[in-house]
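Visitor: Before we begin, could you take me through this model slowly, with the reasoning spelled out?

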Amino acid sequence: MSYFSDIYNGVKTLLIGMSVTGKYFLTSRKGAITQQYPDNRETLKMFDRFRGEVIMPHDENNEHRCTGCQKCEIACPNGTIEIIWDRKINEETGKKKKVIDKFVYHLGLCTMCGLCIDVCPTDAIEWGQNFENSVFDRTYLTRVLNTPGSKLQPGVED
Amino acid sequence: MNIPLNITKTIHDWLFSIMPEGAASIVEMFIIALVYLGIFTVIGLFLVFLERRVSAWFQLRIGPNRVGYQGILQSLADALKLLSKELTGTVKADKFLYNLAPYFVIISALMALAVIPFTKEFHAFDINIGIFFLIAISSIGVIGILLGGWSSNNKFALIGAMRSGVQTISYELSIGLSLLTMILITGSLQLSEIVEVQKNGWLIVQGHIPAIIAFMIFMISGTAETNRAPFDMAEAESELGAGFHTEYSGMKFAYFFLAEFINMFIIAAIAATVFFGAWLSPFGITESLPWLGIFWFLGKTLSLVFLMMWFRWTFPRLRVDQLLTLEWKYLLPINLVNIIIMALIVWLNLTITF
Amino acid sequence: MEQRTTIDKSFKSEPYQINMGPQHPATHGVLNLLLTIDGEIIQKVEPDLGYIHRSIEKMCERDSYQQIVHLTDRMDYLSSNINNEAVCLVVENALELEVPERVKVIRTIIGELTRISSHCLWWGIMGMDVGALTTFFYGFRDRELINDIFEETCGARLTMNYNVPGGLMLDIHPNFIKRVKKFIVHFKTKIPEYDKLLTENIIFQKRTKGIGILTKEDAISFGASGPVARASGYSCDVRKYHPYSALDKVTFNEALRTEGDTFARYKVRIQELWESLSIVEQLIDNIPEGEHRVKTNAVIKLPKGEYYQKVETARGELGVYVISTGTKSPYRLKFRSPGFSNLSLLSHIAKGGKIGDLVAIMATIDLVIPDIDR
């Protein structure tokens, strides 16, 4: 007798399964969970904590907040950050001071672990929400984060 | 030249009026071949597109919608891409059989298409053993699969081909027997006569309970016959990679791929013809406009194709031994009993006719 | 005579070998299985590892303790937050650092959400491996919601690196609680759908019941852990026996079954979805106020000695064993990964089955290859 109950149960469970997919088929117009990516570029917005790339914000006077303490360079597990610095004489006080020349960021090496941003004492670097990082040549992935001629914001070191 | 070929009666008569009989037959054959090649390509490409779109809707996706209106030309673009691709192959492959295999598959599909009654007039090859011819031709395709799997010198392909062989030999029985059940009512193997009988009600109504059982068995074994999920043993991408066509690329792969979809169409078309009255409209509502038959036929066939797609995108795959268990322990005995029931019903005149 | 023997030989059936992987859809990554098959019946399975070995343990000997955490993301990437937690716990235990309650609760919530997301992916893949492709998308639909929660709070979807020794990198996002509650409501309607679509399906049951049976004795002697061992009746949930973080404050049942077959492993994971959901539900309203982080030294130096901490990842028991000589990085760090021991029993339970069975068994063992190779 189990032969016939097997057939009955089998057909029943198969029909239940088909009802699930059939329901989604009928509501497919509004139910699509995929996005049509390049078309929705304008409306596509990442969360504000999204880790896309490390950026160094500059204010309107082309001034950043990096003192060149190199804590991020030490914290980075992959050698992603290289800070090229120099000692320059401050004109006001006349003392020699560490000034960054170039803040080099190798995006190709970065694992987005966030340790550099976590460790930065002056909040000089933060996460950018850009996620379209593909380039044709990997040399483009090596970036200099401070803009040419930028200076340290006054008051950061105090 | 006594082959019962005709595209439509008007063209047939016109050709025979301007030419000697022999030449007219040959010209007609060429025309028919060209027309059917066209149908073959259009249907194949359309079904590929439909499958992708339908599967996307089942899976909460959008599906191809870029090429042409709503992506309708997507499969054409894919076919062009496949045409331009390099034909690769394994070094130690049996070159002759390896190249021959796709043609077996595609020619058997094309031949089966010739006996499908699209409408009363548009029915190229109306032979008196129509159903028998269809069953015979549809099992030739498996030779192509076996050859392709064996000759490409790949173990995965070989396993896939052997599974396909086992599967097709088994399920051929069920297809034949379930169609035989219906032939008990019609008393003829000729497809045009089968359709003619259904003017008194579609066979699934005429034969009621045993006809419904036969229809279910036919759809199950038809799905198995076309190597589609849940019976896609021969391809089984999570087990065998791509199965028998692992080593095929470019247009040779496309032949296998197109043939699979055409076979699906053929199975659905047979089911529509035998169970749902082919081009007949329900209750004869459009009997005065015979050319509307093509829409009824395609409508019925595509609904059955949709049913097969629904199966594919819902069910898990059977294992190869369960596949055989299903056939030999369930479908075949039920089928044999079903034939006896149908014979009794026909004998006692219990069929429902209008 | 010579010719005769060759003819005899050529008609003898013999087993053949076939390479499943490293590029094969069912191996879920770069695992190579050398199968010895007689027709369709599997006689031997030899896993061949090393295709994705990145020497994480060696890299740990170079890095500071804060840096080690982000490497563990890349081991079992589907339960990355739980891996992070394991390293943080071992460092905190060694330093005898008491982290705030808030941190413990948030760690547990995110850990359990990670488990749900991992099991969602597994469910989709499980369906796909037995041939039902649609399950993949349904599983991913629910997983995306969890990933969105993670992205909003942690900044990344998969390799989050949210834990640091001493607490959490950032406090939770203001939307976190709202989103998690919404997810719980959503997911409670979806698990029954999973059951309807796959669990109750006759074909699926035939494919999985009585396949790949692992006895309790074998589970213990092979060192199996997680759902694989629990399906064989071996009660081994680290969350129950050695509760860490806030897991001692919640009540939940350990998903246990005794059959030990593929279907039992499947059911255990489905039950774990419910259990994890109930843990999250218990904790989400009771996140205590407080600091999200305790200040540690910039350079963490563990006292000389050996430390061990185990946690329950989505795949089983992850152990972190640290030998410290008092310097800024460990002298030796060993991960006891659940996938490796679970893989070792594959050959044992797949023997005698068909190729289709092997695929189903592998799906329920839930292999993550980077976890096995490290």
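Visitor: How many residues does the contact take from chain C and from chain B?
Guide: This is a predicted model, and totals for interfaces use all residues. Counting both sides, the contact takes 21 residues from chain B and, from chain C, 26 residues.

Visitor: Which elements of chain C each supply at least two residues of the side that touches chain B, and how does that side divide by class?
Guide: The elements of chain C that each supply at least two residues there are β1 (16-20), α5 (101-129), α6 (134-154), α8 (202-208) and α15 (355-365). By class, the residues of this side of chain C divide into 7 charged, 6 polar and 13 nonpolar.

Visitor: Which element gives the largest share of the side of chain C that touches chain A?
Guide: This contact takes 22 residues from chain C and 21 residues from chain A. On the side of chain C, α3 (65-72), α6 and α7 (176-199) each supply at least two residues. By class, that side has 5 nonpolar, 9 polar and 8 charged residues. Its largest share, 6 residues, comes from α6(C).

Visitor: How many helices and how many strands are there in chain B?
Guide: From the N terminus on, each element in the run of chain B is an α. The count for chain B is therefore 0 strands and 14 helices.

Visitor: What radius of gyration does chain B have, beside that of a compact globule?
Guide: The C-alpha trace of chain B spans about 60 × 55 × 40 Å along its principal axes, and 47% of its 354 residues count as buried. Because a compact globule with 354 residues would have a radius of gyration near 20 Å, the value for chain B agrees with that expectation, at 21 Å.

Key:
Residues numbered from 1 in each chain as written. Chains lettered and ligands numbered in written order. Predicted model: local features only at pLDDT ≥ 70, side-chain atom pairs only at ≥ 80, totals over all residues. Contact = placed C-beta atoms within 7 Å. Helix = DSSP H or I, 4+ residues; strand = E, 2+ residues; numbered from the N terminus. Nonpolar A, V, L, I, M, F, W, Y, C, P; charged D, E, K, R; others polar. Rg over C-alpha atoms; globule rule 2.2 N^0.38 Å. Buried ≥ 20, exposed ≤ 12 C-beta atoms within 10 Å, placed from the backbone.
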